[in-house]
Amino acid sequence: MQEKYIDETKQGEAFAIAERDGNSKKLFLESYGCQMNFSDSEIVASILNEQGYNTTLKVEEADLILLNTCSIREKAEQTVRMRLSQFKNLKKERPNMTVGVLGCMAERLKTKFLEEEQLVDLVVGPDAYRDLPNLLKETEDGRDAINVILSKEETYADINPVRLGGNGVTAFVTITRGCDNMCTFCVVPFTRGRERSRDPHSILDECKSLWESGYKEITLLGQNVDSYLWYGGGPKKDFAKASEMQKATAVNFAQLLDLVAKAVPEMRIRFSTSNPQDMSLDVFRMMAKHDNICKYVHLPVQSGSNNMLEAMNRQHTREEYLDLIKKAKEIVPEVAFSQDMIVGFCNESEEDHQDTLSLMREVEYDYGYMFAYSERPGTPAHKKMEDNIPADVKQRRLAEVIALQGELSRNRMKSYVGKTHKILIEGISKKNKNQWKGRNSQNAVCVFDMLEGQKIGDIVDVFVFDNTQGTLLGETVK
């Protein structure tokens, strides 16, 4: 998947920030899908904050309800439709309330939302959030409003996102939008448009502002962050037409990482999502150069079979992927990887499936995001390929992939036992209110007993004495 991985614990999560004096209207904003969507919601909240809206967690008091949606899987769209149906009675009670759909699902379905979901007044695609004030005026005049035009330029670089929810410690910084990789299974290029990169100066300014505001970790976000290329603006596909001066002064992802690491030297830096075909070894060299760049990469492969990689239009082979992993580990021996994996893609044979399992064993992923293939309308696979793997075969193969990843995760977690790790305290453990939770550089979650004087946002030395499949158990080094 080209989207940043989906966090199932955050589907349909609403966020609110402190009220702004003078704002009289209420916005209920709920986000689904990838972290890019959650980041976009912060942009939307910032735009509407200037239009007199304060965020609320109480849907019944909202003047405006917005769902920021995902189209990456059918289940995500079904969830949004069910959620919309829950607003019908509320809409009858409060006919002046406006209901809108934002994001990828809005872009994919466009006017169908206005036709099929009678309560939807507003449909806005990912590149049209600046137009929200104008669109809301149209709804106030009794008209349905829609803007799903995709842009080749929009990066929202000049908008300072509000920080919705969160822990005040970690934050997202979007550096690219859109995607040029036409993976046959993926809807993202059609819902988010052409890839374009954000001005590095605005990225550095946002990172510095976050540090000054007390944040301790940032994640640089994009559908494909390692494809970042700034040469003065415009789609990456037009770089060949750039002037010699533009080409000479262009900034790629490895160079951006270097700039960010130097600009906020005490800030932890992560990035996601990466694409193997665009990943440069220079990125790993920067990771080795700077202590504040975390030693972790989410590097989706989707399949271990060359047959499937070709059918998916992934622009790399199994051998190239494994060679990249091998060289990365030579440059950064402590680096950890996670994966996205799709099982049961069109024509996947049992041998193809076994290739996926063998690749997983060779890479030894820390963890992964694994799905059975479901065709998405509008994608090349939907148009030209038959979804011909029986559901029971998909589920059996998925179960085998999940079981293997569980085994690999336990082994990887075990490798961290008996060592001291620097853990950023992000919050309180859900299972024990007397324990902190945080992550090490490799993104592994660690829980440990609280000590007097410790607080959220501290980076502490923790000795790990045991592990579960997904969690490290530790104690503060005194």
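Let's start inside: Phe271 counts as buried, at 1% relative accessibility. This is a predicted model, and the ring of Phe271 is a handy way into it. Its partner is Phe253, and the two form an edge-to-face aromatic pair, with 5.1 Å centre to centre and 75° between the planes. What does this pair tie together? Phe253 belongs to helix 10 (residues 253-263) and Phe271 to strand 14 (residues 268-272), so the contact links parts that are 18 residues apart in sequence. Phe253 is buried too, with a relative accessible area of 1%.

**More rings**

Tyr367 and Tyr369 make another edge-to-face pair, because their ring centres are 6.0 Å apart and their planes sit at 80°, and over 60 degrees counts as edge-to-face. Are these tyrosines buried or exposed? Tyr367 has 18% relative accessibility and counts as buried. Tyr369 also comes out at 18% and is buried; the cut-off is under 20%, so both values fall on the buried side of it.

Here are the two pairs side by side:

| Pair | Centre to centre | Angle between planes | Type |
|---|---|---|---|
| Phe253 and Phe271 | 5.1 Å | 75° | edge-to-face |
| Tyr367 and Tyr369 | 6.0 Å | 80° | edge-to-face |

Over the whole structure, the search turns up eight aromatic pairs. There is also a cluster: Phe185, Phe345 and Tyr373 form one aromatic group.

**Cysteines with an annotation**

Now for something taken from a record. An unreviewed UniProt entry puts the feature "binding site" at Cys179, Cys183 and Cys186. Where does Cys179 sit? It lies in the loop between strand 9 (176-177) and helix 7 (188-192), and Cys186 is in the loop between strand 9 and helix 7 as well. As for accessibility, Cys179 is buried, with a relative accessible area of 2%, and Cys186 counts as buried at 1%.

**Helix 1 and a cavity**

Helix 1 (residues 35-49) has 15 residues and spans 21 Å from its first C-alpha to its last, close to the 21 Å expected at 1.5 Å a residue. How many of its residues are buried? The count is 15 of 15, so the helix is mostly covered.

Helix 1 also turns up in the wall of a cavity. Four cavities of 30 Å³ or more are found in the model, and the second largest has a volume of about 80 Å³. Its lining includes Ser39, Ile43, Tyr156, Phe172, Arg177, Arg198 and Glu206. Helix 1 and strand 8 (170-174) each give at least two residues to that lining, with strand 8 supplying the largest share, three residues. Sorted by class, the lining of this cavity has six nonpolar, three polar and three charged residues.

**An open site**

Pockets are worth a look as well. The second largest pocket has a volume of about 360 Å³. Which residues are closest to its centre? Of the 17 that line it, they are Arg268, Asp291, Asn292, Lys422 and Ser441. Strand 18 (residues 420-428) gives the most to this pocket's lining, with three residues. By class, the lining of the second largest pocket splits into five nonpolar, six polar and six charged residues.

How values were computed: Residues numbered from 1 in each chain as written. Predicted model: local features only at pLDDT ≥ 70, side-chain atom pairs only at ≥ 80, totals over all residues. Heavy atoms only, no water. Phe/Tyr/Trp six-rings, centres within 6.5 Å; stacked < 30°, edge-to-face > 60°. Helix = DSSP H or I, 4+ residues; strand = E, 2+ residues; numbered from the N terminus. Buried < 20%, exposed > 50% of the residue type's maximum accessible area, 1.4 Å probe, protein only. 1 Å grid on protein atoms, 1.4 Å probe; cavity = no way out; pocket = protein on both sides within 12 Å on 5 of 7 lines; lining within 4 Å. Points joined across faces, edges and corners; volume = space filled by probe spheres on them. Nonpolar A, V, L, I, M, F, W, Y, C, P; charged D, E, K, R; others polar. Expected span 1.5 Å × (residues − 1). UniProt positions renumbered as here; feature names shortened; annotations may be inferred.
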